[in-house]
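Open the structure in your viewer and keep the selection tool ready. We will go stop by stop.

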Amino acid sequence: MVLCHASLIGAQYIRNIVEHPHVDGAVGYVHCQGPWMSKILASTSSELLHLLIDVQYKPVEGYNIFQGTIYDALSGTQMTVWRIYFDPSAHTESAEQVEGWMQLVAATATKDGHPIDWTSGNQISSIGVDAAQGQLAGLRAFLGDETCDKLIQLCKVHFHRACQLSLSQDGITHDKGLM
């Protein structure tokens, strides 16, 4: 249930405040994406084609952040293009949640007059992600197999960590020199 829309709270940055699914009146997540962020995300500038999607754990007391940043090759800086502050007791980095949040980000950019063409490579040419399985599955569901295979670039450190975790969960010991 949406608790509040941006038009009601007078902010262009905070787009939605969604109720916690299990606690009446508590906040489940807050979607932040100003129109200027949508414009950067949908840019066709060759310096702004590389998107990084990541989750920060507990940077705000009680909330994690699912966010996208664009790398500006010209200035060597990163710009946040959306943030979703979420209560980890209400939401996770599951495939369904990531797919839903990506749909929300895309719909917001379109509403702002800056639709994103995920398939051409003219607006987004690569997406850097962790090797979190929920995140990958959610992006694959959102983008489709062909676009996902073309755009997604895994973080090497997170990929190795995920492989080691998977091996240890399967009870397989490994030589650290192999990974």
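Select helix α3, residues 95-111, and helix α4, residues 133-143. This is a predicted model. The two helices pack at an angle of about 50°, and their axes lie 7 Å apart. Angles from 35 to 65 degrees fall outside the parallel and perpendicular classes, so α3 is oblique to α4. Look at the handedness too: α3 passes α4 in a right-handed crossing.

Now show the side chains where the helices meet. Which residues of α3 meet α4? On the α3 side, pick Ala-95, Val-98, Glu-99, Met-102, Gln-103 and Ala-106. On the α4 side, pick Gly-134, Gln-135, Ala-137, Gly-138, Leu-139, Ala-141 and Phe-142. Colour this contact by class: eight residues are nonpolar, four are polar and one is charged.

Stay on α4. Which of its residues are buried? Select Gly-134, Gln-135, Leu-136, Gly-138, Leu-139, Phe-142 and Leu-143. Next, find what these buried residues pack against. Helix α3 is one of the partners, and α5 (145-151) is another. The strands β4 (50-60), β5, β7 (126-129) and β8 (152-154) also pack against them. Then step just past the end of α4 to Gly-144, which takes a positive phi of about 90°.

Move to the strands. Select β5, residues 63-72, and β6. They run antiparallel, joined by nine bridges. For one pair to click on, take Thr-69: its bridge partner in β6 is Thr-80. Now follow the hairpin of β5 and β6, where four residues sit between the strands. Gly-76 in this hairpin takes a positive phi near 70°.

Keep β6, residues 77-86, and add β3, residues 27-32. In which sense do β3 and β6 pair, parallel or antiparallel? They pair in the antiparallel sense, over four bridges. Click on His-31 and look across to β6: Ile-84 stands opposite. While the strands are on screen, check the side chains. In a regular strand they alternate between the two faces of the sheet.

Last stop: select His-22, in the loop between β2 (14-19) and β3. Is His-22 buried or exposed? Its relative accessible area is 63%. The cut-off for exposed is over 50%, so His-22 counts as exposed. Finally, add Ala-90, which is 68 residues from His-22 along the chain. Draw a line between their C-alpha atoms: they are separated by 7.1 Å.

Conventions:
Residues numbered from 1 in each chain as written. Predicted model: local features only at pLDDT ≥ 70, side-chain atom pairs only at ≥ 80, totals over all residues. Heavy atoms only, no water. Pairing = 2+ DSSP bridges. Axes fitted to C-alpha atoms, helices over the stretch in contact; angles between N-to-C directions. Parallel < 35°, antiparallel > 145°, perpendicular 65-115°, else oblique. Left-handed = near helix turned anticlockwise from the far one by under 90°. Contact = heavy atoms within 4.5 Å. Nonpolar A, V, L, I, M, F, W, Y, C, P; charged D, E, K, R; others polar. Buried < 20%, exposed > 50% of the residue type's maximum accessible area, 1.4 Å probe, protein only.
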